[in-house]
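User: Could you walk me through how a few of the labels on this structure are decided? I'd like to see the reasoning behind each one.

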Amino acid sequence: MAMMAAKWRGRCRVCGCVLPQGAQIEWTKDTGARHVSAEACAEALASPATTELPLRGPGEEVPEDRARIERLLLGHPWRVAKSMPTIPHEYTLRRLWQNDGDFIWCVDHIRSVGYEQRFGGRIFVYYDIGEHQYFATDGNVRGPAGARTTVNLINRAALRAVSSPAVRRRPCP
Ligand SMILES: [Zn+2]
């Protein structure tokens with residue numbers, strides 16, 4: 001993690017607001033830029049000028065990648081998360097995947113072609129298959145196994161209706 005002045009205009013991964021060029025940010029290679037504190041996020045959220053950056057829509061992908069991620073995600077066991085009963089979702093545990101490279105590939109693919117959506121005041125990258133939107137937790141997918149900062153699971157939740165124009169749903173198969 002590094003504290004620095006933003007070299008170019010970007011977006012805070014915590015609050016989703018614009019980080020103007022030159023703003024003080026915290027940055028890591030894997031998770032990107034964010035405001036330096038919760039106070040800085042609150043300040044940005046209170047100022048409409050910094051919230052204009054639109055959410056990213058889904059990216060292009062080749063049919064082979066689509067088929068691969070469907071096969072991998074649908075082919076692994078999913079557990080109902082009991083820790084957050086008000087936020088129903090399921091998860092698949094990385095350590096139950098026999099091929100760790102497949103797990104890493106899925107997280108990378110979701111992050112590279114997924115679409116952005118707000119949830120609980122933050123922005124996550126989602127990827128839709130069937131009735132679900134899949135998303136990885138924040139963190140470094142190549143970090144030490146089991147570490148809190150390493151991506152140790154992939155989540156999925158029922159698709160939500162969202163009015164954001166950036167979210168273009170794929171047609172149902
Ligand atoms: Zn922020």
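Analyst: Happy to! The crossing of helices H2 and H3 is left-handed. Asp65, Ile69, Leu72 and Leu73 of H2 make the contact, together with Asp102, Cys106 and His109 of H3. Those contact residues divide into 4 nonpolar, 1 polar and 2 charged. Do keep in mind that this is a predicted model.

User: Why are H2 and H3 called oblique to each other?

Analyst: H2 covers residues 63-74 and H3 residues 100-113, and they pack at an angle of about 125 degrees, with axes 10 Å apart. Roughly perpendicular covers 65 to 115 degrees, and roughly antiparallel needs over 145. An angle of about 125 degrees fits neither class, so the pair counts as oblique.

User: What makes Cys106 buried or exposed?

Analyst: Cys106 has 23 other C-beta atoms within 10 Å. The label "buried" asks for 20 or more, so Cys106 is buried. Leaving out residues up to four places away in sequence, Cys106 touches Ile69, Leu72, Leu73 and Ile154. Cys106 and Glu70 are 36 residues apart in sequence, yet their C-alpha atoms are 9.5 Å apart in space.

User: How do you know that strand S7 pairs with S6 and with S11?

Analyst: Pairing needs at least two bridges. S6 (residues 79-80) and S7 (residues 90-93) are joined by 2 bridges and run antiparallel, so they meet that cut-off. S7 and S11 (residues 153-158) have 4 bridges, and they run antiparallel as well. Glu90 of S7 is the bridge partner of Val80, and Arg156 in S11 is the bridge partner of Glu90.

Technical notes: Residues are numbered from 1 along each chain as its sequence is written. This is a predicted model: local features need pLDDT of at least 70, side-chain atom pairs count only at pLDDT 80 or more; totals for chains, interfaces and linings use all residues. Axes are lines fitted to C-alpha atoms, for helices over the stretch in contact, and angles run from 0 to 180 degrees between N-to-C directions. A crossing is left-handed if the near helix is turned anticlockwise from the far one by less than a right angle, and right-handed if clockwise. Two residues are in contact if their C-beta atoms, placed from the backbone, lie within 7 Å. Ala, Val, Leu, Ile, Met, Phe, Trp, Tyr, Cys and Pro count as nonpolar, Asp, Glu, Lys and Arg as charged, and the others, Gly among them, as polar. A residue is buried if 20 or more other C-beta atoms lie within 10 Å of its own, exposed if 12 or fewer, and partly exposed in between; C-beta atoms are placed from the backbone.
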